[in-house]
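What follows is a walk through one protein chain, for a reader who has not met it before. Please keep the sequence and the model in view while reading.

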Amino acid sequence: MNPGKVLNFWSFLNEAKGEKTKVIVLTGTPEGSQTAASFLKECEKRGAECHVVDVNDATLEKVYNGHLLKTAEEGILIDPNSTVIVPRRGVIANSHTKNLLVQLEEARYFTINTLESIEVCENKYVTSQYL
């Protein structure tokens, strides 16, 4: 692999054939977020299902074939085999939001940025220790 080449995000999502990939963006500010809007636009172009979820209002419930991610507006059925979780900075706002991401990680959902990596990046001293 060329070390200067940027990896294609969609190549990872399309690696496993079968179920359609679902993208869940966990954010503390769903309205007006340029990043969330970019994910929605890109997923729509590629035919992937995408949900921007306000992590402050979300709850997670175990169901037979995965989990039900409940928000104020909807319930989203998710499965570790076909769902990608994209947590944004809002997940470190409080213990409820952190716990939601921990539950998803423990249930073996593919997360782009783990809670640990987000917390490390929040602290310059800890970041320097990792480097």
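The model is predicted, and a good place to enter it is an open sheet of 4 strands, arranged in the order β2-β1-β6-β7 with parallel pairing. The edges of this sheet are taken by β2 (49-54) and β7 (110-111); each has a single partner strand, so one side of each is left without a neighbour in the sheet. Strand β6, residues 83-87, runs parallel to β7, and 2 bridges join them. Across this pairing, valine 84 stands opposite phenylalanine 110 in β7. Helix α2, residues 34-46, packs on the sheet and touches β1, β2 and β6. The direction of α2 makes about 165 degrees with that of β2.

With the sheet located, the chain can be taken as a whole. It contains 5 helices and 7 strands. Along the sequence they come in the pattern α-β-α-β-β-β-β-β-α-β-α-α. Of the 131 residues in the chain, 34% are buried. Contacts between residues at least 6 apart in sequence join residues at least 24 apart in 61% of cases. The chain exposes about 8500 Å², and 50% of that area is supplied by carbon and sulfur atoms.

The next group to find is made of β3, β4 and β5. Strand β3 (residues 59-63) pairs with strand β4 (residues 66-70) in the antiparallel sense, over 5 bridges. A hairpin of 2 residues joins β3 to β4. Two of the facing positions can be named: leucine 60 has leucine 69 in β4 as its bridge partner, and lysine 62 has histidine 67 in β4. Strand β4 also runs antiparallel to β5, joined to it by 4 bridges, and a hairpin of 4 residues leads from β4 to β5. Here leucine 69 stands opposite isoleucine 76 in β5. Is β4 enclosed or open to the outside? Since 4 of its 5 residues are buried, β4 is largely enclosed by the rest of the structure.

Leucine 69 also leads into the interior. In soluble globular proteins, nonpolar side chains tend to be buried together. The largest nonpolar core in this model has 18 residues, and those with the most contacts inside it are Ile24, Leu26, Leu69 and Ile78. Two or more residues of this core come from each of β1 (22-27), β5 (75-78), α3 (95-106) and α4 (115-122). The largest share, 3 residues, comes from α3. Leaving aside residues up to four places away in sequence, leucine 69 touches Ile24, Leu26, Val53, Ala58, Thr59, Leu60, Glu74, Gly75, Ile76, Ile78 and Leu100. A second, separate core has 7 residues, including Val25, Cys50, Val84 and Val86.

Helix α4, one of the elements that contribute to the largest core, has Leu115, Ile118 and Val120 among its buried residues. The buried residues of α4 pack against β6, α3 and α5 (124-130).

The cysteines remain. A disulfide is a covalent bond between the sulfur atoms of two cysteines. How many disulfides does the model have? The count comes to 0 disulfides, with sulfur atoms required to lie within 2.5 Å of each other. Cysteine 43 is in no disulfide, and the nearest cysteine sulfur to its own, that of cysteine 50, is 3.8 Å away. Why is cysteine 50 not bonded to cysteine 43? Their sulfur atoms are 3.8 Å apart, which is too far for a bond. Are these two cysteines buried or exposed? Cysteine 43 counts as buried because its relative accessibility is 0%. Cysteine 50 also counts as buried, because its relative accessibility of 16% is under the 20% cut-off.

Key:
Residues are numbered from 1 along each chain as its sequence is written. This is a predicted model: local features need pLDDT of at least 70, side-chain atom pairs count only at pLDDT 80 or more; totals for chains, interfaces and linings use all residues. Side-chain values use heavy atoms; hydrogens and water are left out. A nonpolar core is a set of buried Ala, Val, Leu, Ile, Met, Phe, Trp, Tyr and Cys residues joined through side-chain atoms within 4.5 Å. Buried means under 20% relative accessible area, exposed over 50%, partly exposed in between (1.4 Å probe, protein chains only). Contact means heavy atoms within 4.5 Å. Two strands pair if DSSP finds at least two bridges between them. Axes are lines fitted to C-alpha atoms, for helices over the stretch in contact, and angles run from 0 to 180 degrees between N-to-C directions. Accessible areas come from the Shrake-Rupley method with a 1.4 Å probe; for residues, only the protein chains shown count as cover.
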